[in-house]
Amino acid sequence: MGQKVHPGGMRVGVIHDWKSNWYTGNKDFADFLQEDVRIRQHIYNKLAHAGLSDILIRKDAQRITIDIYTARPGIVIGKSGVEVDALRKDIHGMTSKAVHININEIKRPELDAKLVAQSIAEQLENRVSFRRAMKRSLASAIRSGAQGVKVQCGGRLGGGEMSRSESYSEGRVPLHTIRADIDYGFAEAKTTTGRIGVKVWINKGEIMPSGYESSAQQGDTRLGEQDQARRRGGRTEGLGESRQGGRGRGADREGLGPVRQRRPRRGTGQGRGPRRPREDAPAETVEQPRTDEQGVSAEGREQPVTEPQVEETPAAAADAPDTTTQPDESAEKPKTARKPAAKKAPAAKAKPAARRTTKKDDEKGDEKGDEKGDES
């Protein structure tokens, strides 16, 4: 189930006022209400081509005052006021009261939702592409200074057999923000394939309470005025400036005050040195340069102090032998490694045996000769 609320009726008593101002008892309430409906219907039918936006009615005991807001006041007034006089006579015949009509001109019809919807409906009746008509009105409203626009068309779009609805939006249209000035308009295009409904929502800015004043003491700031000032080269504040810069959107999303100016970064430009800490910053937040004693590697280990050392050979060590171990006299001389003997033929094995035998015999002969010498 849809739970749609008219944006204008939701804000009545907060930022909008009633479109009919009169008071009566319960007995005549229905008659007064039907009278207002007939007056508005007659004016819209008679001045349908005059670009009517809104009709306000104020009633007294014997007088009716009607305020007509239109984008084409010349058509409503007519030549020498002929159209206004005819309209006054018609309403006097309907109500039997004195009628006073005020005609107010709308200087920027691109920001009036009712007129934008009527313009799109007229283009659809002239067989213009609905997408082109919607996008064109959307761009013109944003260009005129609207903070957000939403357009929706529903029906047999493009002559299709099945009805559908398409919508385009740009900017922000906060329907639940009561202080946001949301203008809503509806119109119908009578095409050959059926009626196409056109709905338009335009966010004109935010209306602040009467006691609120901005920091610049300028009262309530509307985005339409800020957009004009930005195009002329002036300085804007609030939401307009945060969107103009493209950065720092979270500084002032609701436009309740001026956006804080960003300080330029130090050390980002070419040819500048490293960024230095501020003097007024607390001591614990300022990073001090580390000395060798305080140096710590990435793993958390302390770095050893490195000192340059030059190696010098002492004079006494120059005459020292190559080895530091002292030779042991009692130790036997190292045995020289013998080469492995080559394999000999079996005939050659007898020679060493004969040689040994001859040697033993010689030794025995020598011993015998010595004994004989001692005896003699």
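This is a short talk on one sheet and the two helices that pack on it, in a predicted model.

Some bookkeeping. Residues are numbered from 1 along each chain as its sequence is written, and side-chain values use heavy atoms, with hydrogens and water left out. Since we are looking at a predicted model, local features need pLDDT of at least 70 and side-chain atom pairs count only at pLDDT 80 or more, while totals for chains, interfaces and linings use all residues. Helices (H or I, at least four residues) and strands (E, at least two) are DSSP runs, numbered from the N terminus.

The sheet is open, with four strands in the order S6-S5-S8-S7 and antiparallel pairing; pairing takes at least two DSSP bridges between two strands. At the edges are S6 (164-171) and S7 (180-191), each paired on one side only. Eight bridges join S5 (residues 148-155) to S6. Within S6, Tyr 168 is the bridge partner of Val 151.

Now the helices, where contact means heavy atoms within 4.5 Å. Angles run from 0 to 180 degrees between N-to-C directions, with axes fitted to C-alpha atoms, for helices over the stretch in contact. H5 (residues 113-125) packs on the sheet, touching S5, S7 and S8 (194-206), and makes about 20° with S7. H6 (residues 130-144) lies across S5 and S6, at about 20° to S6.

Which residues of H6 are buried, meaning under 20% relative accessible area with a 1.4 Å probe, protein chains only? They are Phe 130, Ala 133, Met 134, Ser 137, Leu 138, Ser 140, Ala 141 and Ser 144. Seen down the axis of H6, these fall within an arc of 170° (directions from the axis to the C-beta atoms), so they line one face. The face turned away carries Arg 132 and Arg 143, both exposed (over 50%). After H6 comes Gly 145, with a positive phi near 115°.
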